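Q: I have just opened this entry and would like to go through it step by step. Could you keep the answers plain?

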Amino acid sequence: PGSAAPAALAPPPGPPGTRWQPGHPGAATAAATVPLPHPHRSARPAVPRQPVQWLYPSLEAPGASLPPEPEQCPVIDSQGAGPAGTLDLVGSLPVEERSLEQVQSLVLGEVLKDIETACKLLNIAADPADWSPGNVQKWILWTEHQYRLPQLGKSFQELSGRELCAMSEQQFCERSPACGDVLHAHLDIWKSAAWMKEKAAPGAGRYCAGDGAWTDSEVDSSCAGQPIHLWQFLKELLLKPHNYGRFIRWLNKEKGIFKIEDSAQVARLWGIRKNRPAMNYDKLSRSIRQYYKKGIIRKPDISQRLVYQFVHPL
DNA sequence: AAAGAGGAAAATC
DNA sequence: GATTTTCCTCTTT
């Protein structure tokens with residue numbers, strides 16, 4: 001197994017002229033266009049020059065173990081780059097092998113982190129082979145949402161994870177001509193991640209990059225099996241500003257005040273999680289309002305639109 | 001127009 | 001039985 005080298009993520013094939021926004025949820029994963037520590041691919045996509053600019057300085061100061069925030073990432077646009085740019089990374093810049101490895105593990109760490117985050121959010125296993133048809137549907141919806149892919153409808157319904165993994169890129173494209181290729185590439189990354197995880201750490205799902213060990217293992221207190229509550233879900237999103245800061249974010253973390261920046265997207269994520277495709281902010285907000293009398297969430301003293309407050313922070 | 005409040009009832013576990 | 005979803009009316013921003 002595991003022969004699949006993660007294909008570079010194509011940027012979301014949005015409308016013509018659309019570029020990836022800085023701070024797009026997929027920005028970190030986009031960095032996967034840097035070759036991962038896998039055997040070579042014949043047709044490796046071009047490495048845009050931009051990522052080097054933000055990756056390189058962080059190599060100069062290995063003390064700064066924190067990965068660069070996507071908000072500071074320049075727009076990554078691999079569409080314009082031709083297939084010729086690939087080796088420029090090594091050719092034009094005297095990057096030491098060691099440094100390159102650091103870049104790779106940094107990128108890889110980001111990818112694995114994003115996958116872990118998604119697993120928790122969706123409540124699915126990391127290994128696609130373990131997915132039920134329901135899990136597959138969730139993953140597709142989530143990926144579709146995360147990368148603004150065109151709607152797929154039910155073209156992948158009733159497929160188990162194992163069946164999905166066995167499908168070729170062509171088969172993906174048959175089911176979804178619009179973005180089967182991108183989906184397949186994403187699944188490829190998940191497959192590789194699961195494979196590497198298995199190989200590297202048979203014990204815990206932990207990954208450390210360079211000096212910084214910035215992954216906590218199974219510290220979270222999500223009671224297994226119990227259906228998740230909306231307030232828990234919101235806290236989970238708030239915990240990952242890197243991934244969801246564009247949708248929901250703290251205004252005052254200490255006081256538990258948060259703002260929903262994109263009500264439609266938050267509702268959609270909640271709907272994916274709960275298998276409620278018709279979820280919208282109207283209904284989600286009604287659920288939040290149920291928390292008023294229960295003393296879980298309230299409106300802050302100075303009431304503002306889309307701003308709520310956890311009664312008991314921490 | 002979108003967000004907010006809250007009653008009522010169905011759905012879901 | 002508690003929580004959430006759905007639907008609804010009315011008010012506020």
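Q: Let me start with a single residue: is R148 buried, partly exposed or exposed?

A: This is a predicted model, and in it R148 counts as partly exposed, with a relative accessibility of 43%.

Q: Where in the chain does R148 lie?

A: R148 sits in the loop that runs between α5 (133-146) and α6 (161-166). Its phi angle is near 50 degrees, which is a positive value in a residue other than glycine.

Q: And what about N275, where is that one and how exposed is it?

A: N275 belongs to the loop between α11 and α12, and it counts as exposed, at 51% relative accessibility. The phi angle of N275 is also positive, near 55 degrees, again in a residue other than glycine.

Q: Okay, stepping back, how many helices and strands does chain A have?

A: Chain A has twelve helices and four strands. Of its 314 residues, 46% count as buried, and the chain exposes about 16,800 Å², of which carbon and sulfur atoms supply 53%.

Q: What share of the contacts joins residues at least 24 apart?

A: If you take the contacts in chain A between residues at least 6 apart in sequence, 66% of them join residues at least 24 apart.

Q: Now the DNA. Which residues are around strand B?

A: The residues around DNA strand B are S263, R276, Y281, R286, R289, Y292, K299, Q304, R305, L306 and Y308. By class, this surface has four nonpolar, two polar and five charged residues.

Q: Which helix gives the most to that surface?

A: That is helix α12, covering residues 281-294, which gives four residues to the surface near DNA strand B.

Q: Which parts of strand B does the protein come up against, sugar or phosphate, or bases?

A: Of the atoms of DNA strand B within 4 Å of the protein, 50% belong to sugar or phosphate, and the rest belong to bases. On the phosphate side, an N or O atom in the side chain of Y281 is 2.4 Å from a phosphate oxygen of the strand, and a polar backbone atom of L306 is 2.3 Å from a phosphate oxygen of DNA strand B. On the base side, an N or O atom in the side chain of R305 is 2.4 Å from a base nitrogen of DNA strand B.

Q: And strand C, how many residues surround it?

A: DNA strand C is surrounded by 14 residues, and the closest are H229, K274, Y291, K294 and R305. The residues of this surface divide into four nonpolar, three polar and seven charged.

Q: What portion of the strand C atoms within 4 Å of the protein is sugar or phosphate?

A: For DNA strand C, 72% of the atoms within 4 Å of the protein belong to sugar or phosphate, and the rest to bases.

Q: Which residues have polar atoms by the phosphate oxygens of strand C?

A: Among them is H229, with a polar side-chain atom that lies 2.9 Å from a phosphate oxygen of DNA strand C. For W270, an N or O atom in the side chain is 3.2 Å from a phosphate oxygen of DNA strand C, while for L230 a polar backbone atom is 3.3 Å from one.

Q: Which elements give two or more residues to that surface?

A: Those are α11 (263-274) and α12. The largest share of the surface near DNA strand C comes from α12, with seven residues.

Q: Changing topic, how many disulfides are there?

A: A search of the whole structure finds zero disulfides. C173 is in no disulfide, and the nearest cysteine sulfur, that of C179, is 8.9 Å away.

Q: Why does that distance rule out a disulfide between C173 and C179?

A: A disulfide needs a pair of cysteine sulfur atoms within 2.5 Å, and the sulfur of C179 is 8.9 Å from that of C173, so the two do not form one.

Q: Are those two cysteines buried or exposed?

A: C179 is buried, with a relative accessible area of 0%, whereas C173 is partly exposed, at 26%.

Q: Last one: where is H184, and what is it in contact with?

A: H184 is found in helix α8, residues 180-200, and it is buried, with a relative accessible area of 12%. Leaving aside its neighbours within four places in sequence, H184 is in contact with M167, S168, E169 and F172.

Definitions and conventions:
Residues are numbered from 1 along each chain as its sequence is written. Chains are lettered from A and ligands numbered from 1 in the order in which they are written. This is a predicted model: local features need pLDDT of at least 70, side-chain atom pairs count only at pLDDT 80 or more; totals for chains, interfaces and linings use all residues. Side-chain values use heavy atoms; hydrogens and water are left out. A residue is near a molecule or strand if one of its heavy atoms lies within 4 Å of it. A polar contact is a pair of N or O atoms within 3.5 Å; within protein, one must be able to donate a hydrogen and the other to accept it, and residues adjacent in sequence count only if both atoms are side-chain atoms. Ala, Val, Leu, Ile, Met, Phe, Trp, Tyr, Cys and Pro count as nonpolar, Asp, Glu, Lys and Arg as charged, and the others, Gly among them, as polar. Buried means under 20% relative accessible area, exposed over 50%, partly exposed in between (1.4 Å probe, protein chains only). Contact means heavy atoms within 4.5 Å. Accessible areas come from the Shrake-Rupley method with a 1.4 Å probe; for residues, only the protein chains shown count as cover.
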